[in-house]
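Got the viewer open? Here's a short walk through the model, one selection after another.

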Amino acid sequence: MIPHMHEQPFSVAMGLEQASLAVRLSMVDDSLGGVLIRGTRGTGKSTLASAARFLHPVHEPEAAFVRIPLGVTEENLIGGLDLHEILESGRMKRRPGLLEQADGRILLIDDINLMSDRLVDMILDCAASG
């Protein structure tokens, strides 16, 4: 019988023992900050990030995970004005971007090398500033 992902979430991360340990430690100690996992295609980075969501202390598994899609726009990444709310109520309202939504959660960015330099710089600036 094959165990479900939530039963043994890190057993699928063969060869990523240090990354797995770093992720698990970050789940129990907020002062450690985030964990950046990088590696070549097919090494299990996405699988490890996906498994980590089952251990997230604050959120339900699906809510603990924020994925930044390859075609993300600058506005979707960093947020902007909620035009629907402005037009409907006349009140200014800010819509948070994916980076803000990911605060305190697990952020996954596949194929970051295919994103524009400007978006990558924004992501790195956000990560460096906490």
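**Start at α2**

Select α2 (45–52) and colour what is inside: the buried residues of this helix pack against α1, β1 and β4. Those buried residues are L48, A49, S50, A51 and A52. Keep in mind as you go that this is a predicted model.

**Zoom out for a moment**

Show the whole chain as a cartoon, and you'll have six helices and four strands on screen. Trace the chain from the N terminus and the elements come in the order α-α-β-α-β-α-β-α-β-α. Of the 130 residues in the chain, 29% are buried. Now switch on contacts with a separation of 6 or more: 56% of them are between residues 24 or more positions apart. Turn on the surface too; the chain exposes about 9000 Å², with carbon and sulfur atoms supplying 55% of that.

**L16, ahead of α1**

Next, pick L16, in the segment before α1. Is L16 buried or exposed? L16 has a relative accessible area of 13%, and the cut-off for buried is under 20%, so L16 counts as buried. Show its surroundings and, leaving aside neighbours within four places in sequence, you'll find T43, G44, K45 and L48 in contact with L16. L48 brings you back to α2, as one of its buried residues. Draw a C-alpha to C-alpha distance between L16 and L48: 8.2 Å in space, for residues 32 apart in sequence.

**Into the largest pocket**

Display the pockets and go to the largest, which has a volume of about 1700 Å³. Which residues lie nearest its centre? Select G34, V35, L36, I106 and L107; they are part of a lining of 42 residues. The elements giving two or more residues to that lining are α1 (17–28), α2 (45–52), β4 (106–109) and α6 (117–129). Colour the lining by class and you get 21 nonpolar, 13 polar and eight charged residues.

Stay with G34 for a moment. You'll find G34 in the loop between α1 and α2, and its relative accessible area of 71% makes it exposed. Now add G104 to the selection: G34 and G104 are 70 residues apart in sequence, yet their C-alpha atoms are 8.8 Å apart.

**The nonpolar cores**

Hide the pocket and select V66, I68, V72, L77, L98, L99, A102, M115, L119, V120, M122 and I123, the 12 residues of the largest nonpolar core. β1 (65–68), α5 (98–101) and α6 each give two or more residues to this core. Which element has the largest share? That's α6, with four residues.

Apart from that core lies another one, of 10 residues; A19, V23, A49 and F65 are among them. You've met A49 already, in the list of buried residues of α2.

Centre on L99 before moving on. Beyond its neighbours within four places in sequence, L99 is in contact with I68, L77, I78, L107, M122, I123 and C126. L107 should look familiar, as one of the residues nearest the centre of the largest pocket.

**Last stop: E85**

Finish at helix α4 (residues 83–89), where you'll find E85. This glutamate is buried, with a relative accessible area of 17%. Select what E85 touches, not counting residues up to four places away in sequence, and you get G90, R91 and K93.

Technical notes: Residues are numbered from 1 along each chain as its sequence is written. This is a predicted model: local features need pLDDT of at least 70, side-chain atom pairs count only at pLDDT 80 or more; totals for chains, interfaces and linings use all residues. Side-chain values use heavy atoms; hydrogens and water are left out. On a 1 Å grid over the protein atoms alone, a cavity is a set of points where a 1.4 Å probe fits but cannot get out, and a pocket is an open set with protein on both sides within 12 Å along at least five of seven lines; lining residues have an atom within 4 Å of a point. Grid points are joined across faces, edges and corners, and a volume is the space filled by probe spheres set on the points. Ala, Val, Leu, Ile, Met, Phe, Trp, Tyr, Cys and Pro count as nonpolar, Asp, Glu, Lys and Arg as charged, and the others, Gly among them, as polar. A nonpolar core is a set of buried Ala, Val, Leu, Ile, Met, Phe, Trp, Tyr and Cys residues joined through side-chain atoms within 4.5 Å. Buried means under 20% relative accessible area, exposed over 50%, partly exposed in between (1.4 Å probe, protein chains only). Contact means heavy atoms within 4.5 Å. Accessible areas come from the Shrake-Rupley method with a 1.4 Å probe; for residues, only the protein chains shown count as cover.
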